[in-house]
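Me: I should like to study this protein step by step, through questions and answers. May we begin with its overall plan and then turn to single residues?

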Amino acid sequence: MRAGEVQSAVFNPSKRAIALTLKDGKKATVHYASDQAQLQFQNVLQEQNVKWDSKGAGGFSWTALIGSFL
């Protein structure tokens with residue numbers, strides 16, 4: 001993939017993946033290794049004026065709820 005080929009991106013932090021939509025209509029998925037890598041991808045997308053969104057890492061977690069009581 002070259003600069004200018006990406007139309008939009010959606011981050012899925014729970015899977016550490018980015019779903020990309022290319023300008024020619026094709027789709028691709030990229031996996032990243034760390035939260036720092038996600039931030040770097042976001043910076044590159046912003047520099048290239050690519051629209052991006054995130055599914056968010058939040059949500060209800062029974063483990064977190066139980067852990068907060070302990």
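Reply: Certainly. The model is a predicted one. Read along the sequence, the protein follows the pattern β-β-β-α-β-α.

Me: How many helices and strands does the secondary structure of the protein come to?

Reply: The pattern along the sequence is β-β-β-α-β-α. In that pattern each β stands for a strand and each α for a helix. The secondary structure therefore comes to two helices and four strands.

Me: In what order do the strands form the sheet?

Reply: The sheet is open, and its pairing is mixed. From one strand to the next, the twist averages 20°. The order of the four strands is 3-2-1-4.

Me: Which strands stand at the edges, each with a single partner strand?

Reply: The order of the strands in the open sheet is 3-2-1-4. A strand at either end of this order has a single partner, so one side of it is left without a neighbour in the sheet. The edge strands are strand 3 (27–31) and strand 4 (51–54).

Me: How many bridges join strand 2 to strand 3?

Reply: Strands of a sheet pair through backbone hydrogen bonds, either parallel or antiparallel. Strand 2 and strand 3 run antiparallel. Within this pair, Thr21 stands opposite Lys27, and Ile18 stands opposite Val30. The number of bridges joining the two strands is five.

Me: Which residue takes a positive phi in the hairpin of strand 2 and strand 3?

Reply: This hairpin has four residues between the strands. The phi in question is near 95°. The residue that takes it is Gly25.

Me: How many buried residues are there among the five residues of strand 3?

Reply: Strand 3 is described as hardly covered. Ala28 is found in this strand, and its relative accessibility is 22%. Because buried means under 20%, Ala28 counts as partly exposed. The count of buried residues in strand 3 is zero.

Me: What distance separates the C-alpha atoms of Ala28 and Val6?

Reply: Ala28 belongs to strand 3, while Val6 is one of the residues in the largest nonpolar core. Along the chain the two residues are 22 residues apart. Their C-alpha atoms are separated by 9.7 Å.

Me: Which elements give two or more residues to the largest nonpolar core?

Reply: The largest nonpolar core has ten residues: Val6, Ala9, Phe11, Ile18, Leu20, Leu22, Tyr32, Ala37, Leu45 and Val50. The elements that give two or more of these residues are strand 1 (6–12), strand 2 (17–22) and helix 1 (35–47).

Me: At about what angle does helix 1 run to strand 1?

Reply: Helix 1 lies across strand 1, strand 2, strand 3 and strand 4. The angle is taken between N-to-C directions and runs from 0 to 180 degrees. For helix 1 and strand 1 it is about 155°.

Me: Is Gln42 buried or exposed?

Reply: Gln42 lies in helix 1. Not counting residues up to four places away in sequence, Gln42 touches Phe11 and Trp52. Its relative accessibility is 11%, and the cut-off for a buried residue is under 20%. Gln42 therefore counts as buried.

Me: Which residue forms a salt bridge with Arg16?

Reply: The count of salt bridges comes to one. Arg16 lies in the loop between strand 1 and strand 2 and its partner in helix 1, so the pair ties together parts that are 19 residues apart in sequence. The closest N and O atoms are 3.8 Å apart. The partner of Arg16 is Asp35.

Me: What is the phi of Arg16 near?

Reply: Arg16 is partly exposed, with a relative accessible area of 33%. Its phi is positive, although the residue is other than glycine. The value is near 50°.

Me: Where is the place of Asn49?

Reply: Asn49 has a positive phi of about 60° and is not a glycine. At 70% relative accessibility, this residue counts as exposed. The place of Asn49 is in the loop between helix 1 and strand 4.

Me: What percentage of the 70 residues in the protein do buried residues make up?

Reply: The accessible surface of the protein comes to about 5,400 Å², of which 54% belongs to carbon and sulfur atoms. A residue is buried when its relative accessible area is under 20%. Of the 70 residues, the buried ones make up 23%.

How values were computed: Residues numbered from 1 in each chain as written. Predicted model: local features only at pLDDT ≥ 70, side-chain atom pairs only at ≥ 80, totals over all residues. Heavy atoms only, no water. Core = buried A, V, L, I, M, F, W, Y, C linked by side-chain atoms within 4.5 Å. Buried < 20%, exposed > 50% of the residue type's maximum accessible area, 1.4 Å probe, protein only. Pairing = 2+ DSSP bridges. Contact = heavy atoms within 4.5 Å. Areas by Shrake-Rupley, 256 points an atom, 1.4 Å probe, with all protein chains shown as cover. Salt bridge = Lys/Arg side-chain N within 4 Å of Asp/Glu carboxyl O.
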